Structure formats: C-alpha cells, structure tokens
Amino acid sequence: MLLDYDKNEIKEYVNVLGEPAFRAEQLFDALLQAKNLEEISNLSSSFKDKIAKDYPHFCILKKLISVDGTTKYIFKFDGGEIVEGVLMKYKYGNTLCVSTQVGCRMGCAFCASGMGGLKRNLSAGEILEQVLLVNRDQGGDVKNRKVTNIVLMGMGEPLDNYDNVTKFIKLVSSSEGINISQRNITLSTCGLVSKIYQLADDGFCVNLTISLHATDDEKRKKIMPIANAYTIGEIIKACKYYFEKTGRRFAFEYALVSGENDSLKDADKLVALLKGLPCLVNLIPLNYVKEKNLIGTGERQVRAFLDRLLANKINATKRRTMGADISGACGQLRRQVLEEDK
Ligand code: SAH
C-alpha cells in the first residue's frame, strides 16, 4: 500500500513503473491530502490504472461528535477491518488518538479494545491513513495542520506492533510528510519492557506513557496479564533508561477502579514507587465498559487520591474525560464498533 512508503520509496516506485519523476511529486501530494484516486485531477487515467492496486481507499465509515466537541472516527481499511480514532480539541491544538492494531492481545481486564483478541496488526500506512483522513476531514492540509498532536492510545498495543509503529513515527514526523514532531507524539504501552529499550536504542524520542494501574505486581497481574512477564521494577528501570537516552520525561496512566486500587494506601504506595523520578501521573477514573464488572472511582475519592500524590510532590493530574457520551474515552474503543448502534 502506497502510504507505507516514504517519499524516496514513492520516487523509486514511480521510477520502476517507467513514469517521469514529477509523477512521484503529484502522487505523494495526493496521498498527503488523503485524496482518493478518482479525486486526483492531475494524473492520467492510464497512470491511475497502473497504481490502483497499491493506492489506498481513504474511508471514514462514520463520525460521532460528542457534546464536548470530541469526535470519534470509525475508519474502514481495504481488508474490511474497522478501527476507531478520537480527535480531542484543546487550546494548544488538536490531538488525535490513533489505533495501532485491529483488536489487541494484551487482555487487560478493564479494557474493551482487547475483548475479541488480536485480529491483525495495522501497517505503518494504515496508522498514517487515520492521521491524514482526520486532518483532511477537519479542513486541514500539510501546511495548515488540523491534527497537531498524536497519541498512540487507541486500539492495540503499539509496542506489540513495533516495526509498523516505528515506521509510522518516521513517516508522520518526516519533514517531507505531514511533519508532526516526535515531541508531539505520545506512545502509550502496557509495559513491554524489551521494546522500551529498543525504542530508546533505535533513536526515537516520542513521549512515553506507561499504563500502570496498580502499585504492586500481584495486584497488577490480576488486571493486566503482561504483569506476568515484566515487573513494575523492570518497567521503571526501562523508563529511566529511556529518559537518560532521550531526555524525555515519562508518564504513568493510572485508572482508578472503585475498591480495587483507589485507597489512600494505594496512593502512598504509588508515591513510594515514583518518588524522585522525572515523571507525571495521569489519573483516569475508570471509564464504563458495559461487559466489565468494574466501577470507576467517584469524584471525591479521585480528588483525595490526587491530593495525596501532590502533597508528596508527585507530579500528577486528573485526566479530563472527553467523549464519554460517544464511547470515545480511554478503554472504550473496540473492534466491533457498530454493535453499539444496534
Ligand atoms: N495498549 C496501550 C495503548 C492503549 S492506551 C496501553 O496499554 O497503554 C489506552 C489507555 O486506556 C491505557 O492506559 C489503558 O490502560 C486505558 N484504559 C483501558 N480501559 C480503560 C477503562 N475502561 N477506563 C479507563 N482507562 C482505560
């Protein structure tokens, strides 16, 4: 698929087809604008015929707009698979949450995305497609971007699809492409430790966020199967390494589940774990997923938990829940989306 290619690879592709070099420029421009083949007016139909099998069908299947302005997008890929993305509007710009896999094999107890297991990885181009489509849909282009920030926090575990995700990061941050800087990209992981080291060693400098959700390994194992492979201690060590290599601070997501991990004792344990580290804690009151029998922590306890962290000099914020009315909030994105319309 042509979106998997960087500009040099497009040039090479056009060259192999025996077409003049300027066709590569035209083709690359059309891709960046998320134009479908039939919308491109400066390419001959014989050239279009040649590239049709490799050209993506840009498709937003559905769009849901929340009362708070957050927009959930449902994308359909050429294989027929469906994934979701969410655009959040802030004062500083627009953040798009993209999916990296169709489904997920991490099996976290509270999350809707992994409920059907992993269907397949998305390619680098399919992840990029989400960015380009939303940028176009919001009236943006390459010079005047309407997607300014990206979070790899949609469906899937990005580090479980390492090669495609890192190629995507290169494509999306390329100065020849849409040019969204790695500083404006955040990768969220449930903690695939070996891949965190690899990311640092491969020279990436995106913002790193760890989904922690528990303060000891035993509790974590109950809700996150990945905790059987890596301890919290190993994760923190890898984060420190990432910080040393990249200079980027890291963050921890902590979804507060009523009666499970939200006591002040848990807050104190979190303080003990993270004290002195160059990191931020993002508290998320657990979002409702109808198949899961877990309840999010109430407003007052969230505040008390947050205050406890702050009082102990842990950098922490409460994540504003956006798009909850369109099932667009953390952990609510799923593979069989259309089910919710039935
Ligand atoms: N697999 C990656 C990327 C998913 S990001 C990761 O685990 O980080 C989605 C974020 O939402 C993760 O922090 C995830 O743990 C969190 N999440 C999942 N289900 C949730 C729920 N029901 N309520 C709140 N957060 C949830």
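This report walks through the two domains of a predicted model and the surroundings of its ligand.

## Two domains

Let's start with the overall layout. The domain assignment splits the chain into domain 1, covering 1–56, and domain 2, covering 59–341. Taken over C-alpha atoms, the centres of domain 1 and domain 2 are 33 Å apart. Where they meet, domain 1 contributes 17 residues to the contact and domain 2 contributes 16 residues.

## The interface between them

The size of an interface is often given as the accessible area lost when the parts come together. Here, domain 1 and domain 2 bury about 1,200 Å² between them, and carbon and sulfur atoms give 56% of that area. On the domain 1 side, three residues stand out: L3, D4 and L32 supply 44% of the area that domain 1 buries against domain 2, more than any other three residues.

Polar and charged pairs also cross this boundary. The interface of domain 1 and domain 2 has six residue pairs in polar contact, and two salt bridges are found across it. If you would like a salt bridge to look at in the structure, K167 pairs with E9, with their closest N and O atoms 3.0 Å apart.

## The ligand and its shell

Now to the ligand. It is surrounded by 19 residues, and E157, S188, S211, H213 and N287 are the closest. Sorted by class, this shell holds nine nonpolar, eight polar and two charged residues.

Several individual approaches are worth finding on screen. The side chain of S188 has an N or O atom 2.6 Å from an oxygen atom of the ligand. For S211, a side-chain N or O atom likewise lies 2.6 Å from a ligand oxygen atom. The backbone takes part too: an N or O atom of the G156 main chain is 3.1 Å from a nitrogen atom of the ligand. How much of the ligand's accessible area does the protein cover? On its own the ligand has 530 Å² of accessible area, and the protein covers 95% of it.

Key
Residues are numbered from 1 along each chain as its sequence is written. This is a predicted model: local features need pLDDT of at least 70, side-chain atom pairs count only at pLDDT 80 or more; totals for chains, interfaces and linings use all residues. Side-chain values use heavy atoms; hydrogens and water are left out. A residue is near a molecule or strand if one of its heavy atoms lies within 4 Å of it. A polar contact is a pair of N or O atoms within 3.5 Å; within protein, one must be able to donate a hydrogen and the other to accept it, and residues adjacent in sequence count only if both atoms are side-chain atoms. Accessible areas come from the Shrake-Rupley method with a 1.4 Å probe; for residues, only the protein chains shown count as cover. Ala, Val, Leu, Ile, Met, Phe, Trp, Tyr, Cys and Pro count as nonpolar, Asp, Glu, Lys and Arg as charged, and the others, Gly among them, as polar. Domain bounds come from an automatic or database domain assignment. Contact means heavy atoms within 4.5 Å. Buried area is the accessible area (1.4 Å probe) that two parts lose on being put together, summed over both. A salt bridge is a side-chain nitrogen of Lys or Arg within 4 Å of a carboxyl oxygen of Asp or Glu.
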